[in-house]
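Hi,

Here is the model I said I would pass on. Have a look at it first, and then read my notes below.

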Amino acid sequence: MVNPYDKYAIEASVQLKEKFGGKAVGIAMAPPHAADALREVLAMGVDEMVLLSDPKLAGSDTLATSYALSVAIKKVEQRLGSVDLVLCGIESSDSNTGHIGPEVGEWLGVPSVSYVDRILEIKDGYAVVKRLIEGGYAVMKVKLPAVFSIAGTSYQPRIPSLRDVLAARRKQIDVWNADGVGLDPSLVGLVGSPTRVVKMWRIEIRRKGKIFTDSDVDVAIEKLLNELKKDGVPLGV
Amino acid sequence: MSNKILVYIETLEGLPAEHSLELLGKAGDLAKKAGLDVGAILVGYEVKSIAQELIYRGASEVHVVDDPRLGSYNLLPYTSAVVDVIKKTEPEIVLFSATVIGRELAPRVAARLKTGITADCTDVDIGDWVDPGTGRKYEKILYQIRPTFGGEIMAAIVTPQRRPQMATVRPGLFPIPPRDESRTGKVVEWSVNIPESEQSLVEVIEIKREKRKVDLKSARVIVSGGRGCGAKGFELLRELASVLNGEIGASRAAVDAGWIPYDHQIGLTGQTVKPDVYIAVGISGAVQHVVGMKDSKIVIAINKDPEAPIFRIADYGIVGDLFVVVPKLTERLKKKS
């Protein structure tokens, strides 16, 4: 499946393309079977899709992943001309690091801004963005090219129509491997990853998950209060 | 020879941020375990006066970059300053708070140093590790502990070879170390190399920030409202909160809509809370909100969307229209008490 947080970035890219022209190219790094899920990205309006896929990439941590993606971005640049903007979701829904945006920015040697709520303007080689900060917003003018991680819900992902879905079938998904993009194999996979996961353990799911769906609200409330009482939750009841 | 743990200190109006002090305290515990010193990295303009406070809070050395080019936070120049200090001081471990700033500055610094970093740790510890591939033993390294795969699995991660070992650590998890004016330490000022180009790539045009006056940290019960509430919904929440002797919280969406002041915001860009009971009303449960409340003892969710992610982390929930459920619940609780 496509990371739900990426959908905001996908939506942003399509809206920017609609407003300013240009081309939206999706890049994913995943095993080959991900291609099916990427149809959805194309259906949302992205023009073409690159799937970077290679066993050599397995075990990459964020430093190695961001390196691989930065090389793929440069490859896109060679093929299609300059890349003005790289957008990513604020984080993935499984590992939630939020590191890929800033680290791709560093590998590419361009500015990065995380927690971008909205891209207000693109003009004369600059973007003006509104980003979330503690307690409010900052508005910043950023020289392009740049990497933005889109957070917040300002770009609500569109639901593709049947026509969009059908059109997406005709669009292209290029599958690239490590050699094809010219990756340095010592910088990817386990060898290229400074971190090691040394232990994993399941934690008890502490949440009780007692959800009441009764259409009669009074019934649901009685059930809730009964359960709270039974479980000894201090609600002043 | 590197022999220290450094903590990156965020500042707010001339004071160290609370989460930075928490982290300094935790780093002090780690330092004892690992036989290292604990220090701080303090970057900004006219921040030098904060250094003494950091010593009172446990830092034995404070590395200060006080530079007019660093007057307001700007990612690239700050990256260069922090990287420069790390290169000069060669710390074993560098820790950042997992805040809006920490979560972009730390990975940028790590990528420039080509070292590893773990995001959003809920705990950090010191331990040994034997690489099963090579048999090589690494002593007293940083265990970076965090939830993964949606939170049901915990992972311990290490950075065996490269230095520094880096992590961002969630705020609100550790106590603020007590202030002790008898503590002494050294303050080292560094001048750093910031490429000219980095200063002009990003220009901060405007900052809009509200100051926080309400502290929700000690609240036992929090009734929190989100996008689904509207200004009217918050009136209902206030009544419920008053019956429960609780405080009012909010998601960012509700604050942005102007229904409630920023003081009440919970989440990544607001406060981190862990009350006995957290009642989330009309809150979908976006990750930015959840990080601020997921350590609550009991979570009760009220939302009309049965698919809302908040139900996945709730102990109890009612699927229904909050404008019906909340007044009825309030009435019912009034009757009982």
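**Where the chains meet**

The contact between the two chains draws 72 residues from chain B and 63 residues from chain A. On the side of chain B that touches chain A, the largest share comes from strand β13 of chain B (residues 202–209), with eight residues. Sorted by type, that side of chain B has 39 nonpolar, 14 polar and 19 charged residues. Bear in mind as you read on that this is a predicted model.

**A sheet with strands from both chains**

Which strands make up the open sheet, and in what order? There are four of them, running β9(A)-β10(B)-β9(B)-β8(B), and the pairing is antiparallel. At the edges sit β9 of chain A (196–202) and β8 of chain B (123–130), each of which pairs on one side only. From one strand to the next the twist averages 35°.

The join across the chains is the pairing of β9(A) with strand β10 of chain B (residues 153–158), which is antiparallel and has six bridges. If you want to find it on screen, go to A:Trp201, which stands opposite B:Met154 in β10(B). Another pair to look for is A:Arg202, with B:Ile153 of β10(B) opposite. As background, strands of a sheet pair through backbone hydrogen bonds, either parallel or antiparallel.

There is also a helix to go with this sheet: α1 of chain B (residues 18–34) lies across β8 and β9 (137–148) of chain B, and α1 runs at about 25° to β8(B).

**Elsewhere in chain B**

Strand β14 (residues 221–225) and strand β15 (residues 247–250) of chain B run parallel and are joined by four bridges. Between β14(B) and β15(B) the chain passes through helix α6 of chain B (residues 230–243), making a right-handed β-α-β crossover. One bridge to click on there is B:Ser224, whose partner in β15(B) is B:Gly249.

Helix α3 of chain B (residues 75–89) is a nice one for a quick sanity check. Does its length come out shorter than, longer than or in line with what 1.5 Å a residue should give? With 15 residues the expected span is 21 Å, and the end C-alpha atoms are 21 Å apart, so the two agree. Buried residues in α3(B) include B:Leu75, B:Leu76, B:Pro77, B:Tyr78, B:Val82, B:Val85 and B:Ile86. Just after α3(B), B:Glu90 has a positive phi of about 45°.

**Chain A by itself**

Chain A has seven helices and 10 strands. Its C-alpha trace spans about 65 × 45 × 40 Å along the principal axes. Of the 237 residues in chain A, 43% count as buried. Taking contacts in chain A between residues at least 6 apart in sequence, 65% join residues at least 24 apart.

One residue to look up is A:Arg169, which belongs to helix α5 of chain A (residues 162–170). Is A:Arg169 buried or exposed? A:Arg169 has 9 other C-beta atoms within 10 Å, and the cut-off for exposed is 12 or fewer, so A:Arg169 counts as exposed. The C-alpha atom of A:Arg169 is separated by 7.0 Å from that of A:Arg39, although these residues are 130 residues apart along the chain.

Cheers

Methods: Residues numbered from 1 in each chain as written. Chains lettered and ligands numbered in written order. Predicted model: local features only at pLDDT ≥ 70, side-chain atom pairs only at ≥ 80, totals over all residues. Pairing = 2+ DSSP bridges. Helix = DSSP H or I, 4+ residues; strand = E, 2+ residues; numbered from the N terminus. Right-handed = clockwise from strand over helix to strand, strands pointing away. Axes fitted to C-alpha atoms, helices over the stretch in contact; angles between N-to-C directions. Contact = placed C-beta atoms within 7 Å. Expected span 1.5 Å × (residues − 1). Buried ≥ 20, exposed ≤ 12 C-beta atoms within 10 Å, placed from the backbone. Nonpolar A, V, L, I, M, F, W, Y, C, P; charged D, E, K, R; others polar.
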